[in-house]
Number of protein chains: 2
Amino acid sequence: MATPAHTPHASTQVLAFDIFGTVVDWHGSIVREMAERHPGVDGNAFALAWRAGYKPAMARVASGELGWTLIDDLHRRVLDGILPTFGLAHLSEAERHDLNRVWHRLDAWPDSVAGLTRLKQRFTICSLSNGNIGLLTRMAKRAGLPWDCVLSAEVFRAYKPDPATYLGVAKVFDVPPTDVMLVAAHHDDLAGARACGLQTAYIERPLEFGASQPKDVSPQPGNNLHCRDLLALADVLGC
Amino acid sequence: MATPAHTPHASTQVLAFDIFGTVVDWHGSIVREMAERHPGVDGNAFALAWRAGYKPAMARVASGELGWTLIDDLHRRVLDGILPTFGLAHLSEAERHDLNRVWHRLDAWPDSVAGLTRLKQRFTICSLSNGNIGLLTRMAKRAGLPWDCVLSAEVFRAYKPDPATYLGVAKVFDVPPTDVMLVAAHHDDLAGARACGLQTAYIERPLEFGASQPKDVSPQPGNNLHCRDLLALADVLGC
């Protein structure tokens with residue numbers, strides 16, 4: 001059920017969605033793919049190690065240590081780094097490239113397609129992800145995510161939580177930041193959006209990191225909405 | 001019927017569509033809106049005058065005379081310039097803003113939605129327009145254009161026929177330029193794409209400029225495909 005901490009503005013026009021963890025289940029998808037392709041590997045540890053390299057890699061871009069680099073390439077750098085640890089140093093270039101594309105093949109959470117389809121009737125719905133446009137487009141096509149528009153860090157040439165990303169959504173649609181709501185399962189992302197004047201909706205995804213690492217999804221102050229999933233968000237927004 | 005001048009490559013993955021004139025009927029839509037709102041004005045002459053200012057305005061951006069400017073703003077500059085000629089100098093700021101948004105409300109050609117829906121089953125379909133992302137997204141939502149992804153000059157910060165736009169599509173999807181086909185009703189656009197190694201499909205739109213100015217749509221050499229409309233394109237591509 002949704003708990004409306006602060007009523008959303010009647011003028012809300014655009015819902016921008018974080019993707020990894022919020023709309024799609026990166027952990028479960030990687031675990032499933034590893035079980036099929038490399039059954040000897042601990043898929044849970046592998047998924048967590050891969051994801052753990054994500055923020056540090058983006059931080060190197062944000063600091064200027066690395067030039068602008070797409071997430072596909074950052075994922076690949078992290079992958080190359082962890083393969084030996086998991087006994088997969090022998091993977092060929094083609095195998096590495098294909099495995100890296102698992103991020104294009106992530107499965108949606110069970111509520112995502114139905115929730116987005118309802119929300120799309122009333123709002124403009126877009127992604128706002130650090131994932132690159134090609135990744136997000138392939139993922140959406142495979143999983144049936146019905147975006148009105150795929151927005152990405154790649155469009156703004158800055159990674160969240162850079163204000164250029166949150167304010168960029170408002171600018172693209174020529175609306176005040178208060179008419180945009182960021183929907184995400186991560187409090188740091190939501191805090192970044194709030195600092196730019198966007199509305200925020202927190203989505204509980206207690207199993208984002210797998211069943212062995214349940215996430216604390218208790219409400220935190222400051223968000224306009226706190227919802228169990230995207231169907232609950234559609235409920236509270238009257239869609 | 002489609003005339004396959006050169007067979008398209010079996011490896012074709014992405015179809016990128018020009019929008020104004022190719023997928024949507026800018027002339028007819030503006031004539032219809034003017035007939036409703038300003039019935040005393042010659043809608044045909046008004047639409048043609050507005051559109052005539054489009055390429056010169058983009059050329060000022062391409063030359064560096066104007067900084068990077070979205071099409072919404074270029075449309076508005078041209079509009080402000082032609083209003084006095086049509087006896088509409090009295091329009092308020094709000095009325096001008098709303099009239100300028102007619103470019104977000106253009107109707108699709110009758111075959112576009114059905115054609116794109118068929119093509120989407122087999123290919124990744126995206127816009128590649130000089131229109132800005134917000135314009136293209138609102139247009140798609142209203143007209144039901146089922147893009148996998150909205151690509152725009154705004155993403156590449158360059159207007160067609162700058163090679164950065166055509167090559168940008170291939171880069172976004174991480175495919176060779178030959179695996180992308182530009183679909184357009186304008187030979188200069190197709191020539192720009194061809195020079196970058198993309199495949200090209202010409203779409204006849206004999207009434208793009210209205211019934212009083214029928215367009216010569218006879219085949220020209222160099223294009224992979226020459227099709228009457230998007231349904232014929234779907235036919236020839238086996239969708």
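Colleague: How are the copies superposed before I read off a rotation?

Modeller: Copies are superposed by least squares on the C-alpha atoms of residues with pLDDT of at least 70 in both. Here, chain B lands on chain A after a rotation of 180° with 0.0 Å of shift along its axis, at an RMSD of 0.0 Å. The two copies are thus related as by a two-fold rotation axis. In chain B, the C-alpha nearest that axis belongs to Val155(B), 2.7 Å away.

Colleague: And the ground rules?

Modeller: This is a predicted model, where local features need pLDDT of at least 70 and side-chain atom pairs count only at pLDDT 80 or more, while totals for chains, interfaces and linings use all residues. Residues are numbered from 1 along each chain as its sequence is written, and chains are lettered from A and ligands numbered from 1 in the order in which they are written.

Colleague: How many residues of chain B are in contact with chain A?

Modeller: Two residues are in contact if their C-beta atoms, placed from the backbone, lie within 7 Å. By that test, 13 residues of chain B meet 13 residues of chain A. H7(B) gives the largest share of chain B's side, five residues. That side splits into seven nonpolar, three polar and three charged residues (Ala, Val, Leu, Ile, Met, Phe, Trp, Tyr, Cys and Pro count as nonpolar, Asp, Glu, Lys and Arg as charged, and the others, Gly among them, as polar).

Colleague: Which surface do the copies meet through?

Modeller: The same one, because 100% of the interface residues of chain B are also interface residues in chain A.

Colleague: What does the secondary structure of chain A come to?

Modeller: Helices (H or I, at least four residues) and strands (E, at least two) are DSSP runs, numbered from the N terminus. Chain A has 11 helices and six strands. Its radius of gyration, taken over C-alpha atoms, is 18 Å, close to the 18 Å that the globule rule (2.2 Å times the number of residues to the power 0.38) gives for 239 residues, so chain A is as compact as a globular protein of that length.

Colleague: Into which domains is chain A divided?

Modeller: Bounds come from an automatic or database domain assignment. Chain A has domain 1 (14–25 + 108–236) and domain 2 (26–104). Their contact takes 17 residues from domain 1 of chain A and 16 residues from domain 2 of chain A. On the domain 1 side, helix H7 (residues 133–143) of chain A supplies the largest share, three residues.
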